[in-house]
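This report is written for a reader who is meeting the structure for the first time. Please look over the sequence and the model before reading on.

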Amino acid sequence: MRSFRAQLVAPPAPLADGEVVLACDVTACGEIGVLVTTEPGLARGFVTRPHGNRLPFYRPPRPCPAALYRYDSPDWHRVELDGLPVSYPMLALLPCDEVLIACPRTPWIGERGEPRNAHVFSPDGTNLRTFTLGDDIAVLVVDDVGTIWTAHGEEGYFSLDNHSGLVRWDGHGKRMWDSGIACSDAAVNAHAGTVWASRASSLIRAQLEELTGRPTPSGFDATIEYESPSRRVHAIAFTDD
């Protein structure tokens with residue numbers, strides 16, 4: 001068994017007075033992103049649907065300020081965003097200093113759901129594009145080549161074709177790969193064409209032939225399930241395969 005020792009890799013983000021952290025992300029390259037607002041009540045708001053259940057706002061009911069602190073050793077850099085596009089945001093850092101902000105649920109707007117729950121911002125804070133990443137997102141990560149991975153709960157994988165619980169997307173929301181398995185993955189990590197995910201009492205490893213460059217025995221992408229030594233896994237780290 002390996003043991004890990006904590007090591008400080010960055011000073012705390014220099015938040016301004018009144019700023020509250022909404023979401024954080026760390027890339028495999030050591031970049032750190034921290035999403036903040038001075039209006040946490042708006043950023044964590046819900047709207048009631050006709051049948052009484054509640055979902056996050058597609059947009060806060062009035063403009064909600066937001067900023068991103070990005071750490072690129074040795075300094076933090078602060079960028080004002082065009083505004084927070086969704087409530088209960090998830091954050092992921094994309095290549096070329098772009099930033100992805102997504103809502104974990106299909107938001108409700110007016111009398112309907114709004115499937116486009118992902119927004120990409122430019123390095124200067126401009127909202128560049130929006131697209132759909134599916135409902136009930138449990139985990140959102142970006143791998144070393146800049147593609148997006150989402151893991152979905154029950155309501156999420158039924159909202160997707162093939163009822164997939166683990167999906168890979170490009171930076172414009174085009175689906176590139178899916179597990180084809182309706183599952184609820186609690187933790188995901190992806191690097192160099194290999195993705196590991198935790199599902200209840202199992203660990204799932206998927207290898208994408210196009211990224212690893214190593215042919216699989218069947219000639220197709222390989223997905224293998226192992227018994228997990230731990231329960232309630234919240235994070236996964238791995239080396240090589």
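## A starting point in a loop

Where is D97 found? In this model, which is predicted rather than determined by experiment, D97 is found in the loop between β7 and β8. The residue has a positive phi of about 65 degrees although it is not a glycine, and with a relative accessible area of 40% it is partly exposed.

C96 also lies in the loop between β7 and β8, and it too has a positive phi without being a glycine, in this case of about 60 degrees. C96 counts as exposed because its relative accessible area is 67%, and exposed means over 50%.

## The chain as a whole

The chain has three helices and 20 strands, and buried residues make up 47% of its 241 residues. If one takes the contacts in the chain with a separation of 6 or more, residues 24 or more positions apart account for 44% of them.

## Salt bridges

Side chains of opposite charge can pair when their charged atoms come close. A search of the whole structure finds seven salt bridges, and two of those described here start from the loop between β7 and β8. In one of them the side chains of R70 and D97 meet, with an N to O distance of 3.8 Å. This pair links distant parts of the chain, since R70 is in strand β5 (residues 67-72) and D97 is in the loop between β7 and β8, 27 residues apart. R70 is buried, at a relative accessible area of 9%, whereas D97 counts as partly exposed at 40%.

Another salt bridge joins R129 with E98, and here the closest N and O atoms are 2.9 Å apart. Because R129 lies in strand β12 (residues 127-131) and E98 lies in the loop between β7 and β8, this pair ties together parts that are 31 residues apart in sequence. Both partners count as buried, R129 at 19% relative accessibility and E98 at 17%.

R78 and E80 also meet through their side chains in a salt bridge, at 2.7 Å from N to O. R78 counts as partly exposed at 39% relative accessibility, as does E80 at 45%. These two residues are linked with E19 in a network of salt bridges.

## Nonpolar cores

The largest nonpolar core has 17 residues, and those with the most contacts inside it are L35, L81, L84, L91, V99 and I101. Several elements contribute to this core, for β1 (20-26), α1 (40-43), β7 (90-93) and β8 (99-102) each supply at least two of its residues. Apart from this core lies another one, of 15 residues, among them M90, A102, I137 and L160.

L81 can serve as an example of how the largest core is put together. When its neighbours within four places in sequence are left aside, L81 is in contact with L35, A66, A67, L68, I101, F121 and G125.

## The largest pocket

Rolling a probe the size of a water molecule over the atoms shows where empty space is left. About 610 Å³ of space lies in the largest pocket, which is lined by 29 residues, the closest to its centre being D25, V26, T27, A28 and V142.

The elements that give two or more residues to this lining are β1, β7, β13 (137-142) and β17 (187-191), and β13 gives the most, with five residues. By class, the lining has 19 nonpolar, five polar and five charged residues.

## Two prolines in loops

P74 has its place in the loop between β5 and β6 (75-80), and a cis peptide bond, with omega about 15 degrees, joins S73 to P74.

P63 lies in the loop between β4 (54-56) and β5, and at 78% relative accessibility it counts as exposed. Although P63 and E39 are 24 residues apart along the chain, their C-alpha atoms are separated by 9.5 Å.

Terms used:
Residues are numbered from 1 along each chain as its sequence is written. This is a predicted model: local features need pLDDT of at least 70, side-chain atom pairs count only at pLDDT 80 or more; totals for chains, interfaces and linings use all residues. Side-chain values use heavy atoms; hydrogens and water are left out. A nonpolar core is a set of buried Ala, Val, Leu, Ile, Met, Phe, Trp, Tyr and Cys residues joined through side-chain atoms within 4.5 Å. Buried means under 20% relative accessible area, exposed over 50%, partly exposed in between (1.4 Å probe, protein chains only). Helices (H or I, at least four residues) and strands (E, at least two) are DSSP runs, numbered from the N terminus. Contact means heavy atoms within 4.5 Å. On a 1 Å grid over the protein atoms alone, a cavity is a set of points where a 1.4 Å probe fits but cannot get out, and a pocket is an open set with protein on both sides within 12 Å along at least five of seven lines; lining residues have an atom within 4 Å of a point. Grid points are joined across faces, edges and corners, and a volume is the space filled by probe spheres set on the points. Ala, Val, Leu, Ile, Met, Phe, Trp, Tyr, Cys and Pro count as nonpolar, Asp, Glu, Lys and Arg as charged, and the others, Gly among them, as polar. A salt bridge is a side-chain nitrogen of Lys or Arg within 4 Å of a carboxyl oxygen of Asp or Glu.
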